[in-house]
Amino acid sequence: MSRRSRTRALRLAATVAGAALLATGCNAAAAKKEGEGGKNAGPVFTLVTPDAVGQNEFLKLSVAGVKAAAKAHAGSSKVFESTDAATRQQNVQAAVDAQPEVIVLVGFEFADLVAQQAEARPGQRFLVVDACTKQTFPNVSCAVFREHEGVFLAGAEAGLLTRSGKVGAVDVLDTPQFRRYSEPFAAGAKKTAPASEASTRFVGGQSPFNDSARAKEQASSLITGGTDQLMAAAAAGNYGVFEAAKAKGAFAYGVDVNQCASAPGTVVDNVIKKTDVVVEKGIEQVIGGKGGQSVSYGLKEGGISLTGLEQGVADSQCVIARHAPVLDRVKQLRDQIVSGELKVDDPAAK
């Protein structure tokens, strides 16, 4: 989810066909290569991103994962950075035409494109991260996250830190998949503060993934009602949630990457998706002969964590760095989830 700070519109730019073809050639020619050493340099692993990498930490981690896999197998890596629906399609085609060992694609935007290519190119192996195709294919592997486990831990922090006894979430849409960011947050708070109350507001509207103003309004509504700990799961709208929390003296929790630098003193912690770990492990699974499967990564596999549970938390600018006793309790809960002693309900599985 939570899908990074990027627009989710799936517009097909039919009017840019001519320019798109030119862009395809340029994109393919300009694809970044790592460790290339000639025709016999080893396997090639290609990554196609849904948006430009830039300062997008989520996508930067996926690049790191592909590079790590290439290094581990004495091969090379390529990265095709997309900017919209048209370039995503062009980059997938360019990647397939190059026939690499594995093509890695990050995001739900690629599900339909991969399905088309998988059927047309049964010999090409694909790894889809943070999404999966509706139909299963023997040459398509999927790597998805158990976000709800990390959200539960963030909720446990909220329960320990709330002064009002009210926690809440600003979520993108009212669907089972996105309720992974609200219901487990409430459950985590209940675990550490049994008397706590929880409320959720949904962004919705015409642009739910990219509406910072509407997300801010929903957050303000919760805070006015007494909520002082907010799970921000509004994609690009998270910055609106942070603004509302900062203005009213409340606290928020980010997603996917460390968002504490966006609002120091306001963002407590983040539920992070370790895309680098998932990409590297996913590639290993594919080339190890276990392709065509969907594998989920949570706390146990190292695919999900909190910024507060990672090294460098002292320099993270996260509020949680000032609450060592809270982190100690959260570590206990994490270990219980990893061991299987504590089970976190998945709203998407209901």
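This passage describes the overall build, the nonpolar cores, one pocket and several single residues of a predicted model.

The chain holds 10 helices and 13 strands. Of its 350 residues, 53% are buried. The exposed surface comes to about 15000 Å². Carbon and sulfur atoms supply 50% of that area. Contacts often span long stretches of sequence: among those between residues at least 6 apart, 69% join residues at least 24 apart.

The largest nonpolar core contains 74 residues. Within this core, the residues with the most contacts are V104, V129, L153, V170 and M231. Helix 5, which covers residues 147-161, gives the most to the core, with seven residues. Another core lies apart from it and has 19 residues. F80, L105, V114 and A118 are among the members of that other core.

L153 shows how one core residue is surrounded. With residues up to four places away in sequence not counted, L153 touches L299, L306 and L309. It also touches V330, L333, R334 and I337 under the same count. Two of these partners, V330 and L333, fall in the residue range of helix 10, 324-339.

Helix 10 also contains R329. This residue has a relative accessibility of 26%, so it counts as partly exposed. Leaving aside neighbours within four places in sequence, R329 is in contact with L160, K191, T192 and Q336. R329 and E157 are 172 residues apart along the chain, yet their C-alpha atoms are separated by 8.5 Å.

G298 sits in the loop between strand 12 (294-297) and strand 13 (304-306). Is this loop residue buried or exposed? G298 counts as buried because its relative accessibility is 0%, and the cut-off for buried is under 20%. Beyond its neighbours within four places in sequence, G298 is in contact with R146, E149, G303 and I304. V338 lies 40 residues from G298 in sequence. The C-alpha atoms of this pair are 8.6 Å apart in space.

The second largest pocket offers about 240 Å³ of space. Its lining is made up of 14 residues. L61, V257, N258, I272 and T307 lie nearest the centre of the pocket. Which elements supply at least two residues each to this lining? Helix 2 (57-72) and strand 11 (267-273) both do. By residue type, the lining divides into three nonpolar, five polar and six charged residues.

Two further buried residues lie in helices. S220 belongs to helix 7, which runs over residues 212-224. Its relative accessibility is 17%, so S220 counts as buried. Setting aside residues up to four places away in sequence, S220 touches A244 and K248. Helix 8 spans residues 238-248, and A245 has its place there. A245 is buried because its relative accessible area is 0%. With neighbours within four places in sequence left aside, the contacts of A245 are I223, A250, F251, A252 and T266. A245 and T227 are 18 residues apart in sequence and 9.8 Å apart in space, C-alpha to C-alpha.

Backbone angles pick out two glutamines. Most residues other than glycine have a negative phi. Q99 has a positive phi, near 55 degrees. Q99 is found in the loop between helix 3 (85-98) and strand 4 (102-106). With a relative accessible area of 61%, Q99 is exposed. Q317 also has a positive phi, near 70 degrees. The loop that holds Q317 runs between strand 13 and helix 10. Q317 is partly exposed, because its relative accessible area is 45%.

How values were computed. Residues are numbered from 1 along each chain as its sequence is written. This is a predicted model: local features need pLDDT of at least 70, side-chain atom pairs count only at pLDDT 80 or more; totals for chains, interfaces and linings use all residues. Side-chain values use heavy atoms; hydrogens and water are left out. On a 1 Å grid over the protein atoms alone, a cavity is a set of points where a 1.4 Å probe fits but cannot get out, and a pocket is an open set with protein on both sides within 12 Å along at least five of seven lines; lining residues have an atom within 4 Å of a point. Grid points are joined across faces, edges and corners, and a volume is the space filled by probe spheres set on the points. Helices (H or I, at least four residues) and strands (E, at least two) are DSSP runs, numbered from the N terminus. Ala, Val, Leu, Ile, Met, Phe, Trp, Tyr, Cys and Pro count as nonpolar, Asp, Glu, Lys and Arg as charged, and the others, Gly among them, as polar. Buried means under 20% relative accessible area, exposed over 50%, partly exposed in between (1.4 Å probe, protein chains only). Contact means heavy atoms within 4.5 Å. Accessible areas come from the Shrake-Rupley method with a 1.4 Å probe; for residues, only the protein chains shown count as cover. A nonpolar core is a set of buried Ala, Val, Leu, Ile, Met, Phe, Trp, Tyr and Cys residues joined through side-chain atoms within 4.5 Å.
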